[in-house]
Amino acid sequence: MHPPSIKQRIRESFERAAATYDAAAVVQRQVCEHLLDAFVPARQPLTRILDAGCGTGYGACLLRARWPDAHITGVDFAPSMLGYAHRDTDACYAADIENLPFGESTFDLWWSSLTIQWCETDSVFAEASRVLSPGGQLALSTLGPDTFGELREAFSAVDQHRHTLPFSDPDSIADALARAGFGNITLQRKRHTVYYPDLKSLLRAVKAIGAHNVGAGGRSGMMGRQAWLKVEAEYERHRQPAGLPASYDVILGYANK
């Protein structure tokens, strides 16, 4: 589990991003759609669904369209996000998905898209296993270690600070799921790339979804002009006809309780 100070910074970051999130979350919407497209339910219909880390509710909206009669519960630790998620959920709770406010065997499906990278996976999966009914399913997306590779490379030219999260690799995620008692574990890996006209636009878009660096090991002060110009020059080496790329190493995971 992240130390309380880091957890608080993550929460505050997403609190501030609630109003700008939907307009900027292009990759997040695509990943949500891919996660649902590849999901094969073991039972029909699903009646009790938990959207763990629901954000503004885009995933809940997709789930509602697929299972209109299901009771969908959203959980997010940024209350301002829940103000938007109420539109597509039957109930919303401001809570940490590492410590869910539900009893055992409550849900048929534990769904989480692009959330667990902010969490301690063993805690998250233990809670997912606890609240899923026997035979229930888990469906998740998260980010792998190649995410924002261009950004890390550009910043490495000017300092040794960490400028992105330490994302988990697929093997680590599979091992954590197995430790939590899940079986029939399937992982898929996809690369998504978004293009921007310049580095400032890219970083503004990342900030607008609340995903800028809030963990330990990051730079604590402002970057000087010369250092910034060097980062820009380094990133320009990645430019393609469509613009400057920001790569997302997306992992989709499915498992049974």
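A residue is counted as buried when its relative accessible area is under 20%. In the predicted model described here, F39 falls in this class because its relative accessible area is 4%. Y254 is likewise buried, with a relative accessible area of 9%.

These two residues also form an aromatic pair. A pair of aromatic rings is described by the distance of the centres and the angle of the planes. For F39 and Y254 the centres lie 6.2 Å apart and the planes differ by 20 degrees, an arrangement classed as stacked. F39 is located in the loop between α2 (26-37) and β1 (48-52), whereas Y254 belongs to strand β7 (residues 244-256); the pair therefore ties together parts that are 215 residues apart in sequence. Ring pairs further join F39 and Y254 with W67 in a cluster.

In total, five aromatic pairs were counted in the model. Another of them is formed by F148 and Y248. Their ring centres are separated by 5.0 Å and their planes stand at 65 degrees; because planes over 60 degrees apart count as edge-to-face, the pair is assigned to that class. Here too, distant parts of the chain are linked: F148 lies in the loop between β5 (132-143) and α6 (149-155) and Y248 in strand β7, with the two positions 100 residues apart in sequence. F148 and Y248 are both buried.

Helix packing was examined next. Two packed helices are described by the angle between their axes and the distance between the axes. The axes of helix α5 (residues 121-131) and helix α7 (residues 170-179) approach within 9 Å and cross at roughly 45 degrees. The two helices, α5 and α7, are therefore oblique to each other, and their crossing is right-handed. On the α5 side the contact is made by T121, D122 and F125, and on the α7 side by I173, A176, L177 and R179. By class, the residues of this contact between α5 and α7 comprise four nonpolar, one polar and two charged.

A further crossing involves α2 and helix α3 (residues 58-66), whose axes come within 10 Å at an angle of roughly 35 degrees. The crossing of α2 with α3 is right-handed. R29, C32, E33 and L36 of α2 are in contact with Y58, G59, L62, L63 and R66 of α3. The contact of α2 with α3 contains five nonpolar, one polar and three charged residues.

Methods. Residues are numbered from 1 along each chain as its sequence is written. This is a predicted model: local features need pLDDT of at least 70, side-chain atom pairs count only at pLDDT 80 or more; totals for chains, interfaces and linings use all residues. Side-chain values use heavy atoms; hydrogens and water are left out. Axes are lines fitted to C-alpha atoms, for helices over the stretch in contact, and angles run from 0 to 180 degrees between N-to-C directions. Helices (H or I, at least four residues) and strands (E, at least two) are DSSP runs, numbered from the N terminus. Angles under 35 degrees count as roughly parallel, over 145 as roughly antiparallel, 65 to 115 as roughly perpendicular and the rest as oblique. A crossing is left-handed if the near helix is turned anticlockwise from the far one by less than a right angle, and right-handed if clockwise. Contact means heavy atoms within 4.5 Å. Ala, Val, Leu, Ile, Met, Phe, Trp, Tyr, Cys and Pro count as nonpolar, Asp, Glu, Lys and Arg as charged, and the others, Gly among them, as polar. Rings of Phe, Tyr and Trp (its six-membered ring) pair if their centres lie within 6.5 Å; planes under 30 degrees apart count as stacked, over 60 as edge-to-face and the rest as tilted. Buried means under 20% relative accessible area, exposed over 50%, partly exposed in between (1.4 Å probe, protein chains only).
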